[in-house]
Amino acid sequence: KVGNVLDTLKREGWADDTVVVLWSDHGYSLGEHGVFGKITNFDHSTRSPFIVHLPPAFARTRFGKDHPQARRKGVRIPRSYVESVDIFPTLASLVFKRFIPRCPQDIEASRKTDLCTEGHSFVPLLKDPYLNWKASAYSQINNRL
């Protein structure tokens, strides 16, 4: 189905300047560890599918003509930890060229902030897939890590 979306973008003339993000909900336990549902922090229950497609023309203008994604399709990024909270600051950086600051830790200061994020833009990881990135990712249930 993702191929249909990319084909339609190409057919309609939007393929050269559209970033496509495929992201889904995390897993559902079907009896593993005696659990049914989504209320665990077991590894298989916290992972979610995530794909970012940057068109070659877009990659050329953002990363330079020699970047692998600017030259061909299907570049694979090695296994790296990226969290759902990282999607927003990444898209803001890629599409709008806007840096979204981290949210202040102080609650009062955070309430006075117009726009902030808990995530990290992974644009550096898109530029260099072998970059030493996050050592871990966090998952939370019932407001507890």
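Student: What makes Ile51 partly exposed rather than buried or exposed?

Tutor: In this predicted model, Ile51 has a relative accessible area of 47%, and because buried requires under 20% and exposed requires over 50%, with partly exposed in between, Ile51 falls into the partly exposed class. Ile51 sits in strand β4.

Student: Which residues form a nonpolar patch on the surface with Ile51, and what makes Ile51 eligible for such a patch?

Tutor: Val2 and Leu22 join Ile51 in the patch, and the three together have about 220 Å² of accessible area. A patch residue needs over 30% relative accessible area, and Ile51, at 47%, meets that requirement.

Student: How do you know that Phe50 and Phe122 form an aromatic pair, and why is it called edge-to-face?

Tutor: The count by this rule comes to one aromatic pair, and for Phe50 and Phe122 the ring centres are 5.6 Å apart, with 85 degrees between the planes. Centres must lie within 6.5 Å, and planes over 60 degrees apart count as edge-to-face, so both conditions are satisfied and the pair takes that name. The pair also links distant parts of the chain, with Phe50 in strand β4 and Phe122 in the loop between α6 and α7, 72 residues apart.

Student: Are Phe50 and Phe122 buried, partly exposed or exposed, and how do you know?

Tutor: Phe50 has 28% relative accessibility and counts as partly exposed, since that value lies between the limits of 20% and 50%. Phe122, at 4%, counts as buried, because this value is under 20%.

Student: What makes Phe122 a candidate for the largest nonpolar core, and which residues accompany it there?

Tutor: Membership of a core requires a buried residue of a nonpolar kind, Phe included, and Phe122 is buried at 4%. The largest nonpolar core has seven residues, namely Val19, Leu54, Leu94, Phe122, Val123, Leu125 and Leu126. Its largest share, three residues, comes from α7. Leu94 is also listed among the buried residues of α5, together with Ile87, Pro89, Thr90 and Ala92.

Student: Why is the contact between Arg11 and Glu12 called a salt bridge?

Tutor: The separation from N to O is 3.9 Å, and because a salt bridge requires a side-chain nitrogen of Lys or Arg within 4 Å of a carboxyl oxygen of Asp or Glu, the pair qualifies. Arg11 has a relative accessible area of 60% and is exposed, while Glu12, at 52%, counts as exposed as well; both values satisfy the limit of over 50%.

Student: What makes the salt bridge between Glu118 and Arg102 a tie between separate parts of the sequence?

Tutor: The closest N and O atoms of Glu118 and Arg102 are 3.7 Å apart, which is within the 4 Å limit. Glu118 lies in the loop between α6 and α7 and Arg102 in the loop between α5 and α6, so the bridge ties together parts that are 16 residues apart in sequence. Glu118, at 44%, is partly exposed, and Arg102, at 38%, is partly exposed.

Student: How do you know that Glu108 and Arg111 form a salt bridge, and where do they stand in helix α6?

Tutor: Their closest N and O atoms are 2.8 Å apart, and the limit is 4 Å, so the pair is counted. Glu108 and Arg111 are three residues apart in helix α6, a separation of about one helical turn. An α-helix has 3.6 residues a turn, so residues three or four places apart point the same way. Glu108 is partly exposed at 44%, whereas Arg111 counts as exposed at 62%.

Student: How many salt bridges does the structure hold, and which residues are linked in a network?

Tutor: The structure holds five salt bridges, and Glu83, Asp86 and Lys134 are linked in a network of them.

Student: Why is Leu9 called buried, and which residues does it touch?

Tutor: Leu9 has a relative accessible area of 18%, and because the limit for buried is under 20%, Leu9 belongs to that class. Leu9 lies in helix α1 and touches Trp14, Ala15, Thr18 and Val20, not counting residues up to four places away in sequence. The C-alpha atoms of Leu9 and Val20 are separated by 9.8 Å.

Definitions and conventions
Residues numbered from 1 in each chain as written. Predicted model: local features only at pLDDT ≥ 70, side-chain atom pairs only at ≥ 80, totals over all residues. Heavy atoms only, no water. Phe/Tyr/Trp six-rings, centres within 6.5 Å; stacked < 30°, edge-to-face > 60°. Helix = DSSP H or I, 4+ residues; strand = E, 2+ residues; numbered from the N terminus. Buried < 20%, exposed > 50% of the residue type's maximum accessible area, 1.4 Å probe, protein only. Patch = residues over 30% accessible without salt bridge, like charges linked within 9 Å, V, L, I, M, F, W, Y side chains within 5 Å. Areas by Shrake-Rupley, 256 points an atom, 1.4 Å probe, with all protein chains shown as cover. Core = buried A, V, L, I, M, F, W, Y, C linked by side-chain atoms within 4.5 Å. Contact = heavy atoms within 4.5 Å.
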